[in-house]
Amino acid sequence: MIRKFLFIFFLFINYQTAFSQFDLSYYLPSDVEYNKSIPTPKSLIGHEIGEWHLTHDKLINFHKGIAEQSDRILLEQTGETYEGRPQLLLTISSKENLAKIEEIKANHQNLSDPSKSGSMDVQDMPIVIWLGYSIHGNEPSGGNAGPLVAYYLAAAEGKDIDEMLKNTVILLDPCYNPDGFNRFSTWVNMHKGKNLITDPNSREYNESWPGGRTNHYWFDLNRDWLPVQHPESRARVTKFQDWKPNILTDHHEMGSNATFFFQPGVPQRTNPLTPEKNIELTNKLGEYFAKGMDGINSLYYSKEGFDDFYYGKGSTYPDVQGSIGILFEQASSRGHAQETINGILKFPFTIKNHFTASLATLKGGYELRKEFLNFQKTFYQQATSRANADPVKGYVFKAENDPARIYHFLDILKHHKVKVYELGKSLNIENISFLPENSFIVPLDQAQYSMVKAIFKTQTSFKDSLFYDISTWTMPLAFNLDYAEIKDYNNNLLGKEIINPEFPKGNIVGESDGVAYLFRWDGYYTPRALYKLLKNGVKAKVSSKPFSQKINGKTELFSYGTIMVPTGLANKDIANLKSLIEDVAQENGINIYVSNSGYALNGIDLGSNSLKNIPEPKLLMIVGSGVSSYETGEVWHLLDQRFNIPISMVEASKIQNISLTRYNTIVMVNVNYNKLESTGRLKIKEWVKEGGILILQKSAVNWGTQNDIISLEPQRKEKNDVETGKTYADYSNDTGARVIGGAIFGANLDITHPIGYGYKKTFLPVFRNSSNMFQPHKKPYANPLVYTKSPLLSGYISKRNLASIGETGAVMINNLGKGKVISMVDNANFRAFWFGTNKLFLNALFFGSTISHGTAR
């Protein structure tokens, strides 16, 4: 009680002293002398740390400036964001270490190579510690603490700092998320007055949509360490793999009424792949964090609230690589000074906590140096023994007729230094034929054994039923690959090692002139190819029935969804059609066939009415307050970055004021549409009746039912027996356990339906992180995707939800006047790495208008 009173009193007193008094002495240890030749933060940015929120350009200027003046710092640019902001990394150590930094890096890398580490003595090796800040842009205290850490390490003098730098290499990443960081700093600085407003209702503390948490495309970069789908993550993970640091810190913020959290997290929610020694070392570091926080009289907690399960987060990614990931969470001022239940929480106080945690990390790492180095050495030396004890010896996979999807999967594997090979000889496992010409193999007997398991494994039983994030992410399922475990293994299975995956080459197959060009819809980038043709005025059709043709003397089968581009009347005015076709084939890694006759060997001829005209997609997505910025960002990124398809994004409140006639497809994703006025709702309904295609995703499906746009019957969930013996303390865990936080399920796909075009198998893994369930339409043709009877493939789901989800609808089609409403209960574009279901969404965009009226409900 006394401690809490002192904490609140401390907050109050510090606020009363006013921001102008928060100079370096407030943050830095007072028992250290500082080199006056090293520029202070204020001298480089123009104000004291914490007086204003640093913009990213000031952050860059500071780190460049101090690196120029210090012989303890090397500065490099590691990458660039979508908005062109540089990503920097500071390497900080003694002058002598920096002079031989490449040698130190090479030696440190050898620790993770079992073939080289056996004779290595860590006695004189420096520990490598990565300090990283503000991966969520609106959690800025970390990014504002970074300059203080850099200054301290550059300017502090004395035996203690000299010894620490002699035995430590610090990799300081000033800002994991430059675009979001700058977006948020602009918001709070533009609302700061001469007199600080502490009222939580004030606009300063309530960002406008989409907020500064995310990157340019509104992705949470702290879920992208494993998928590496964004430039910020790719640059960062590349440097991580170059160094394999022993400790990596990830500095965050949380709700304003909290205190300070440091790991370890909830013990029973640690991923089973994380070794016990990792947990032991994390606990040992926790003692240093506690001592540091006690030293500045700041309250904290650990071992609750946060977990160490998903390896796509910064604090867990290192845990399967002989490293220790550490999460720090600071109560957020969300501006410059805000009233909280603990008193007035000011920005400088939040910065000081992160600065203190950073120094505690360095102290703990330095003093436990040999233990951390030996742990990393042992971790990788034991990879072979872990592989030998595993009944699974490797994984084999393929994606038939879609080399581009395989390319992206290989790219992820190689980004994490996973060894992967072409398959050396044919295999048949579980009735799947894997051939050397289209299959790949990942052996488990390799240094990255634990990483391979993290990427490939499925899991359906857990110690705990609560998860801070998703409970599974099995990558081959996300990519919809044919894959299998190998239990009978020998080295003859290994073909050529893949070093740098190559994007597939596209070709024109057949004679140069013909009556039409044909390409199958199997390839991942066929939608990009089709859109480029449509954008250039080319008329194209899609086949609703299969056919075969003889091309180059070989019978070629063309299935549902084949694209046909006639060379005659429809496209006679396209002067550069041939070169355009060649370009799209090469750019998208697909084969385009030249047909010399409209007559088919089997099936429909090319003049058949079963080939439907494809309109150029004219897309609108409703965005704004209440709408999931994550899911809108996923759609935007998919279309803009991968497929070069523009989409207009319009605030829900503006719909009633614009004409919808310029669009043929509207996308509505998750959460609520309270800002969509009744006039706007009516306008959308009338627009669909006139022939528009409305795509509803997740809770937008509920919106459609509530506004009489579609008719769907919710699935009645199985009731549990009345539970007894429960206590008040059980409530939070019990209710959390009923949430579907992220799991993978199997569904049956109608590959003859326009939504299923391009898929070869009728079984499709899908990702789900919501509990919406609807009964399929009674008309079977209106349900192109339905969950299997026992659908769970990987992840956690409560028994009640599992009993209810089987055979519910995943994609359902409704008629509304002349138009269609396509209800997608799940997110086909989850976090940009769910490549396997992207085509469902893209099919809805391109082929929604071709769905027969008689097949929909």
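Why does strand S34 (residues 763-768) count as largely enclosed by the rest of the structure? In this predicted model, 5 of the 6 residues of S34 are buried, so the strand is largely enclosed by what surrounds it. Buried here means under 20% relative accessible area. S34 also has a partner: strand S33 (residues 743-749) pairs with S34 in the antiparallel sense, over 6 bridges. One of the pairings joins Ala-743 to its bridge partner in S34, Arg-768.

Stepping back, the protein holds 26 helices and 38 strands. Its C-alpha trace spans about 90 × 65 × 65 Å along the principal axes. A compact globule of 857 residues would have a radius of gyration near 29 Å, and the protein has 29 Å, so the two agree. Of those 857 residues, 60% count as buried. Looking at contacts with a separation of 6 or more, 80% come from residues 24 or more positions apart. As for the outside, about 33,200 Å² is exposed, with carbon and sulfur atoms supplying 47% of it.

Helix H10 (residues 178-190) gives another look at the inside. Its 13 residues reach 18 Å from first C-alpha to last, close to the 18 Å expected at 1.5 Å a residue. Because 10 of the 13 are buried, H10 is largely enclosed by the rest of the structure. Among the buried ones are Phe-181, Phe-184, Trp-187 and Val-188, along with Pro-178 and Gly-180. And what covers them? The cover over the buried residues of H10 includes three helices, H4 (56-69), H8 (141-155) and H11 (231-243), plus strand S3 (86-92).

How values were computed:
Residues numbered from 1 in each chain as written. Predicted model: local features only at pLDDT ≥ 70, side-chain atom pairs only at ≥ 80, totals over all residues. Heavy atoms only, no water. Helix = DSSP H or I, 4+ residues; strand = E, 2+ residues; numbered from the N terminus. Expected span 1.5 Å × (residues − 1). Buried < 20%, exposed > 50% of the residue type's maximum accessible area, 1.4 Å probe, protein only. Contact = heavy atoms within 4.5 Å. Pairing = 2+ DSSP bridges. Rg over C-alpha atoms; globule rule 2.2 N^0.38 Å. Areas by Shrake-Rupley, 256 points an atom, 1.4 Å probe, with all protein chains shown as cover.
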